[in-house]
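Welcome, and please have the viewer open while you read. The sections below go from the overall fold to its interior.

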Amino acid sequence: MNTKNFTNIFLIGIFSSIAFIVIQPLFGMLTLTSRHASAYINVGNYNETTAIALSWLVHSSVSVFYTFIASIIYNFNASYLVSVAQVIILGWLTTLTATPANEWVVKLITTGQFTSITSLSELNTEIGPKLWLHILFFAFVLTGLGLTRLISSPKTSV
């Protein structure tokens with residue numbers, strides 16, 4: 001991968017992370033960034049500006065990381081079947097781990113200590129709004145990767 005690919009991954013991840021937060025209330029949830037910021041303020045005694053910035057930094061970083069993982073799969077095989085499969089599989093895996101992972105991050109940031117994995121909430125196995133939101137996130141990511149490939153592919157003249 002070259003610098004342009006990393007820049008595209010970063011931008012797609014940032015765009016998708018913003019889309020996730022903008023769309024989240026449509027699924028009947030408070031935004032992840034507002035919930036994290038609230039915990040940082042109430043438990044960690046952070047000021048509001050720092051808490052909001054920190055919640056966005058964490059959310060955006062995770063989104064860019066997920067975009068990087070998706071781009072590896074996409075660069076290996078960009079077929080529609082594999083793309084649909086990865087949207088569903090990555091959406092499901094991130095839904096499974098989101099609750100304990102978010103809890104772990106909040107505890108790390110508010111206490112400065114690593115929390116034992118065994119003390120965290122169970123995996124989220126519910127099929128519902130969180131799953132649909134994560135699937136939509138990866139659909140945004142794959143759409144961005146596809147558009148980037150389409151725009152940057154060499155043009156042939158007829």
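What follows is a short tour of the fold, one helix, the cores, a pocket and two single residues.

## Overall fold

Please keep in mind that this is a predicted model. The secondary structure amounts to five helices and zero strands, so the order of elements from the N terminus reads simply α-α-α-α-α. Along the principal axes, the C-alpha atoms occupy a box of roughly 65 × 30 × 30 Å.

The protein has 158 residues, and 37% of them are buried. Take the contacts between residues at least 6 apart in sequence: 71% of these join residues at least 24 apart.

## Helix α5

A good place to begin is α5, which covers residues 129–152 and has 24 residues. From its first C-alpha to its last, α5 reaches 34 Å, close to the 34 Å expected at 1.5 Å a residue.

Which residues of α5 are buried? They are L131, L133, H134, I135, F137, F138, V141, L142, G144 and L145. As a reminder, an α-helix has 3.6 residues a turn, so residues three or four places apart point the same way. The cover over the buried residues of α5 includes α1 (3–23), α3 (48–76) and α4 (80–111).

## Nonpolar cores

The largest nonpolar core holds 18 residues, and A70, V141, L142 and L145 touch the most other members. At least two residues of this core come from each of α1, α3, α4 and α5. The most come from α5, which gives eight residues.

L145 is a handy residue to select here. Not counting residues up to four places away in sequence, L145 touches I12, A70, S71 and Y74. Apart from the largest core lies another core, of nine residues, among them A39, Y40, V105 and V106.

## The largest pocket

How much volume does the largest pocket have? The value is about 430 Å³. A total of 24 residues line this pocket, and F20, L32, A98, N102 and H134 are the closest to its centre. One of these, H134, is also among the buried residues of α5.

Two or more lining residues come from each of α2 (32–42), α3, α4 and α5. Of the elements, α4 gives the most to the lining, with seven residues. Sorted by class, the lining has eleven nonpolar, eleven polar and two charged residues.

## Two residues to look at

T95 sits in helix α4. Is T95 buried or exposed? With a relative accessible area of 0%, T95 is buried, because the cut-off for buried is under 20%. Leaving aside neighbours within four places in sequence, T95 is in contact with N124, E126, K130, L131 and H134. Of these partners, L131 and H134 are listed among the buried residues of α5.

I9 belongs to helix α1. I9 has 6% relative accessibility and therefore counts as buried, by that cut-off of under 20%. For a sense of distance, select I9 and A85: they are 76 residues apart along the chain, and their C-alpha atoms are separated by 20 Å.

## Putting it together

Coming back to α5, this helix supplies eight residues to the largest nonpolar core and is one of the elements that give two or more residues to the lining of the largest pocket. The helix that gives the most to that lining is α4, and α4 is also included in what covers the buried residues of α5.

Key:
Residues numbered from 1 in each chain as written. Predicted model: local features only at pLDDT ≥ 70, side-chain atom pairs only at ≥ 80, totals over all residues. Heavy atoms only, no water. Helix = DSSP H or I, 4+ residues; strand = E, 2+ residues; numbered from the N terminus. Expected span 1.5 Å × (residues − 1). Buried < 20%, exposed > 50% of the residue type's maximum accessible area, 1.4 Å probe, protein only. Contact = heavy atoms within 4.5 Å. 1 Å grid on protein atoms, 1.4 Å probe; cavity = no way out; pocket = protein on both sides within 12 Å on 5 of 7 lines; lining within 4 Å. Points joined across faces, edges and corners; volume = space filled by probe spheres on them. Nonpolar A, V, L, I, M, F, W, Y, C, P; charged D, E, K, R; others polar. Core = buried A, V, L, I, M, F, W, Y, C linked by side-chain atoms within 4.5 Å.
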